[in-house]
Structure formats: structure tokens, C-alpha cells
Amino acid sequence: MSVDQSDVRAVAGAIRDAETVVALTGAGVSTASGIPDFRGEDGIWERHDPMDFHIDRFRSDPGGFWDDRVKLLAAAFDDGNVAPNAAHEALAELESAGYLDTVVTQNIDGLHQDAGSEGVIEIHGSAARVVCRDCSRRFDAEPAMERARDGDLPPTCDDCDGTLKPDTVLFGEQLPEHALMQSQAKAENADVFLAVGSSLTVQPAASLPRVAAERGATLVLVNLESTPVSERADYDLRADVTEALPRLRQAVKE
Ligand SMILES: [Zn+2]
């Protein structure tokens, strides 16, 4: 599947003319780095029981939860050997060149930041951080993961000895309200809204492109498959994100 170069040029022109460009990224951006889709066919939740990762399990058995969590993340993130791909890099370069305002991501892997993106809103949280249940301080996840791998279960807060929780949205938890409000505001303000590698079926990702389009944004989809928002899109680029985004970045710079 290949993208029409005249579409790429047209989208690049809209990005250059725009004051505010917002990108929403979903699982398709992570799968290109070898991270399996959590929800899809053959996804993580086909092989692991979602109830083991429910907030109720964490509350009743945090040690068992962390033990399972360590195994889940080792499988999902290939023991930490995952790296940003050409799509992450293109978005980071668009941002540093002043063409992209914000990345709103459904992904929890932190690869946008690893690629150099700074304006990132993580609506499902981040596996790169943990949060203390008692004092609410946030820490890098790696030392907690290390302790959990060594059998120190559950890992606890250095400050107050409270139980640490992954700073991701677990099953049974609400999405972070602040991040949701921020993403909504970004979508309302966007002149160009790029939805990249998302099936646009899970809220709030499903509604953000519609919000942007209703406020007059040029709506651009980059995804291998059609989405429920496809008929609303000004440009519906059915392509691999690692092919389309570098071409788009190149066209914006030309
Ligand atoms: Zn604490």
C-alpha cells in the first residue's frame, strides 16, 4: 500500500499553514517498534487474563499483581529492547522544527519521549513511571521493576513506604482527568489534527478527531485500515505509519 504523493504534499501544506497541529497516536505506532497490540487479535489480552491486571487485583494482592506485571511487560517490551521507530522520529522532528504542537498518545511505552518529543499527553499513563498510593509522588519505574524482579513484592515508596502502582490506567480505573481535559482542549484548538496508527474505536481517541473536525480542523488519518472516523477525514492515508510520517516530514520541510 502506498500513499499518493499529492496527498502528502497537500497535508504538508496544511501543516505549514497551520498555527496548531496536534497528533493523536495509537497502537499502530508502537507495533512498528515490535510491541504487540494490547487489544487486537493475537494481542496481549488474548494471552494474559485482563482480570490479573485489574485495579481490584492490585488492591487485594499487590505483590501478586507486580509479579504478573513484571512478566507481562517483559513479554510486551521484549525485555526492554524496544526503541522508537521512524514514525516516532518524524513526529519528534516535526515538533522540534516548530510544526507540531502536541502528541496525544494512547500508548504507555514512553517511546515518543525517547524519540525526543516533549509535548506529550499520555491519556493511558506511562509504564515508565510508578506512583505511590499514599503520598502520590511519582518515580521512574525501572528501580521498582528491578525490585519486583528480585522478588521484593510489592515495591514500596522510598519516601513513605506506601505501595507503588504503575502510573498507567489499569482496568477498572478512570482515565486521568487532567490529561483528558488537556487533550480535549488541544483537539478543539487544532488547525490540523493527525490521527496516526489508531483504530479510533476506544474513547476518548474515538471522539477527539471528531471534536477537532467540528471546530474546523483539517482531519488527517494515517492508518492501515479504515476507521469509524474515515468518512469525516479530509485525508485518509491508508499506509504504514513508518512509511507515511517520514514522507510527510520530508514534504513539510521542502
Ligand atoms: Zn510515598
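# Exercises on a predicted model

Glu93 has a relative accessibility of 31% and therefore counts as partly exposed. The structure is a predicted model, and every value below is computed from it.

## Exercise 1: a salt bridge across the chain

Identify the partner of Glu93 in its salt bridge, and state where each residue sits.

Solution. Step 1: the side chain of Glu93 meets that of Arg249, with N and O 2.9 Å apart. Step 2: Glu93 belongs to helix H6 (residues 86-96) and Arg249 to helix H11 (residues 241-253). The two residues are 156 positions apart, and the pair links distant parts of the chain. Step 3: Arg249 has a relative accessibility of 16%; this is under the 20% limit, so Arg249 is classed as buried. Glu93, at 31%, is partly exposed.

## Exercise 2: two further salt bridges

Classify the residues of the Lys165–Glu173 and Arg238–Asp236 pairs as buried or partly exposed.

Solution. Step 1: Lys165 and Glu173 form a salt bridge through their side chains at 3.0 Å, N to O. Lys165 is buried at 4%, whereas Glu173 is partly exposed at 25%. Step 2: in the pair of Arg238 and Asp236, the closest N and O atoms are 2.7 Å apart. Arg238 has a relative accessible area of 32% and Asp236 one of 26%. Both values lie between 20% and 50%, so both residues are partly exposed. Step 3: elsewhere, shared partners join Asp52, Arg57, Asp61 and Asp68 into one salt-bridge network. The structure holds 19 salt bridges.

## Exercise 3: the zinc site

Name the protein donors of the zinc ion and determine the geometry of their arrangement.

Solution. Step 1: the donors are the SG atoms of Cys132, Cys135, Cys157 and Cys160, at 2.3 to 2.4 Å from the ion. Step 2: their spacing in sequence is C-x2-C-x21-C-x2-C. Step 3: the angles subtended by the four donor atoms run from 97 to 118°. A tetrahedral site needs all angles between 85 and 135 degrees, and the arrangement is therefore tetrahedral. Step 4: Cys157 is buried, at 3% relative accessible area, while Cys160 is partly exposed, at 34%.

## Exercise 4: the sheet

Give the strand order of the open six-stranded sheet and find its edges.

Solution. Step 1: the order is E3-E2-E1-E7-E8-E9, and the pairing is parallel. Step 2: strands E3 (120-122) and E9 (235-237) each have a single partner strand, so one side of each lacks a neighbour in the sheet; these are the edges. Step 3: from one strand to the next, the twist averages 15°. Step 4: within the sheet, E1 (residues 21-25) pairs with E2 (residues 102-105) over four bridges. Val22 stands opposite Thr102 in E2.

## Exercise 5: the nonpolar core

Determine which element supplies the largest share of the largest nonpolar core.

Solution. Step 1: this core has 29 residues. Those with the most contacts inside it are Ile15, Val192, Leu194, Val222, Leu245 and Leu248. Step 2: at least two core residues come from each of helix H1 (5-17), E1, H6, strand E7 (192-196), strand E8 (218-222) and H11. Step 3: H11 contributes six residues, the largest share. Arg249, treated in Exercise 1, also lies in H11.

Key:
Residues are numbered from 1 along each chain as its sequence is written. This is a predicted model: local features need pLDDT of at least 70, side-chain atom pairs count only at pLDDT 80 or more; totals for chains, interfaces and linings use all residues. Side-chain values use heavy atoms; hydrogens and water are left out. Donors are N, O and S atoms within 2.8 Å of the metal (3.2 Å for Na, K and Ca); water is not among the atoms, so sites may look incomplete. Four donors count as tetrahedral if all angles lie between 85 and 135 degrees; four count as square planar and six as octahedral if opposite donors are over 155 degrees apart and all others between 65 and 115; anything else is irregular. Buried means under 20% relative accessible area, exposed over 50%, partly exposed in between (1.4 Å probe, protein chains only). Two strands pair if DSSP finds at least two bridges between them. Axes are lines fitted to C-alpha atoms, for helices over the stretch in contact, and angles run from 0 to 180 degrees between N-to-C directions. A salt bridge is a side-chain nitrogen of Lys or Arg within 4 Å of a carboxyl oxygen of Asp or Glu. A nonpolar core is a set of buried Ala, Val, Leu, Ile, Met, Phe, Trp, Tyr and Cys residues joined through side-chain atoms within 4.5 Å.
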